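Biologist: Got a minute to go through a model with me? I'd like to know what stands behind the labels people put on it.

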Amino acid sequence: EKQIEANRNNAKHSTGPRTDEGKQTSSQNALKHGLLAKRSVIPGEDPAEFDALVTSFENTFNPSNAYEASLVRQMADADWRLKRISHLETAYLSFAVEDTLAQFKKYHPNEPEPDKVNLLGDIMQTRTADMTHFSRYEAHQSRRLHQLFKQLIEIRELDARDRRRFQDQLDRESHENERRQPTQAHRRPPWREEQSAEPTRYGVTSTKPTTSDPPGLATSDESRS
């Protein structure tokens with residue numbers, strides 16, 4: 001409460017950015033953090049630190065579409081709130097120890113100061129209702145972060161299955177198209193087409209008719225030579 005009041009008093013004396021560069025930076029910050037930052041960052045917290053956390057999550061998970069980007073930003077928001085509850089719990093316990101110690105000194109000024117560790121143990125045992133609130137809030141944000149991460153993994157696995165199914169369909173269609181294409185007519189090898197059918201040298205008579213020799217008595221090529 002003291003910190004919040006101090007921030008309010010400081011804000012009353014603030015005139016905001018005065019230079020053109022400062023005003024431009026301020027306007028860009030409003031656009032950069034957006035609605036999520038307005039919901040997540042409370043007085044006393046640094047919006048730039050929250051924005052850096054969101055950027056870190058985006059670089060880690062690398063969302064590929066608007067839906068994945070929304071999940072990643074919500075994950076960053078849950079992580080930011082977990083850090084907040086840790087800081088608040090630490091501040092609460094520190095304040096409780098100091099307050100208990102001050103009360104002890106007020107009513108027992110002549111007695112030795114009690115050990116702070118023992119005081120912390122007594123506070124955690126006697127103020128169980130407050131500590132339970134911290135634990136419930138932390139458990140809620142932990143479940144939220146886990147569910148968002150699980151949802152991101154599931155949507156990516158579903159997208160990967162769709163891509164594989166689409167690729168399998170393309171492969172089947174391509175195979176069917178190849179089967180439906182008409183086969184080319186069988187052709188003889190070029191070397192057979194170019195080869196001339198020359199008669200063998202021995203045992204083949206000339207194809208030209210002859211009148212000088214009787215049939216069956218035609219001289220062979222060798223005898224003529």
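**Helix crossings and a buried aspartate**

Modeller: Helix 4 and helix 5 cross in a right-handed way. Keep in mind that this is a predicted model.

Biologist: What makes helix 4 roughly perpendicular to helix 5?

Modeller: Their axes cross at roughly 110 degrees, coming within 9 Å. The label covers 65 to 115 degrees, so helix 4 is roughly perpendicular to helix 5.

Biologist: Which residues make that contact?

Modeller: From helix 4 you get Leu 93, Ala 96, Val 97, Glu 98, Thr 100 and Leu 101, and from helix 5 Lys 116, Leu 119, Leu 120, Ile 123 and Met 124. By class, that's 8 nonpolar, 1 polar and 2 charged.

Biologist: Why are helix 3 and helix 4 called oblique to each other?

Modeller: Helix 3 spans residues 47-61 and helix 4 residues 66-107, and their axes cross at roughly 130 degrees. Roughly perpendicular stops at 115 and roughly antiparallel begins over 145, so helix 3 and helix 4 end up oblique.

Biologist: And what is the handedness as helix 3 passes helix 4?

Modeller: That crossing is right-handed. On the helix 3 side, the contact includes Leu 53, Val 54 and Phe 57; on the helix 4 side, Ala 76, Asp 79 and Trp 80 are among the residues involved. The whole set splits into 9 nonpolar, no polar and 6 charged.

Biologist: Asp 79 sits in helix 4. How do you know whether Asp 79 is buried or exposed?

Modeller: Look at its relative accessible area, which is 15%. Buried means under 20%, so Asp 79 counts as buried.

Biologist: What does Asp 79 touch?

Modeller: Leaving aside residues up to four places away in sequence, Asp 79 touches Leu 53, Phe 57 and Leu 145.

Biologist: How many of the chain's 225 residues are buried, as a percentage?

Modeller: Buried residues come to 17% of the 225. The accessible surface is about 18,400 Å², and carbon and sulfur atoms hold 52% of that.

Biologist: Which elements does the chain have?

Modeller: The protein chain has 8 helices and 0 strands. Read from the N terminus, the order is α-α-α-α-α-α-α-α.

Biologist: And what share of the contacts joins residues at least 24 apart?

Modeller: If you take contacts between residues at least 6 apart in sequence, 63% join residues at least 24 apart.

How values were computed. Residues numbered from 1 in each chain as written. Predicted model: local features only at pLDDT ≥ 70, side-chain atom pairs only at ≥ 80, totals over all residues. Heavy atoms only, no water. Axes fitted to C-alpha atoms, helices over the stretch in contact; angles between N-to-C directions. Helix = DSSP H or I, 4+ residues; strand = E, 2+ residues; numbered from the N terminus. Parallel < 35°, antiparallel > 145°, perpendicular 65-115°, else oblique. Left-handed = near helix turned anticlockwise from the far one by under 90°. Contact = heavy atoms within 4.5 Å. Nonpolar A, V, L, I, M, F, W, Y, C, P; charged D, E, K, R; others polar. Buried < 20%, exposed > 50% of the residue type's maximum accessible area, 1.4 Å probe, protein only. Areas by Shrake-Rupley, 256 points an atom, 1.4 Å probe, with all protein chains shown as cover.
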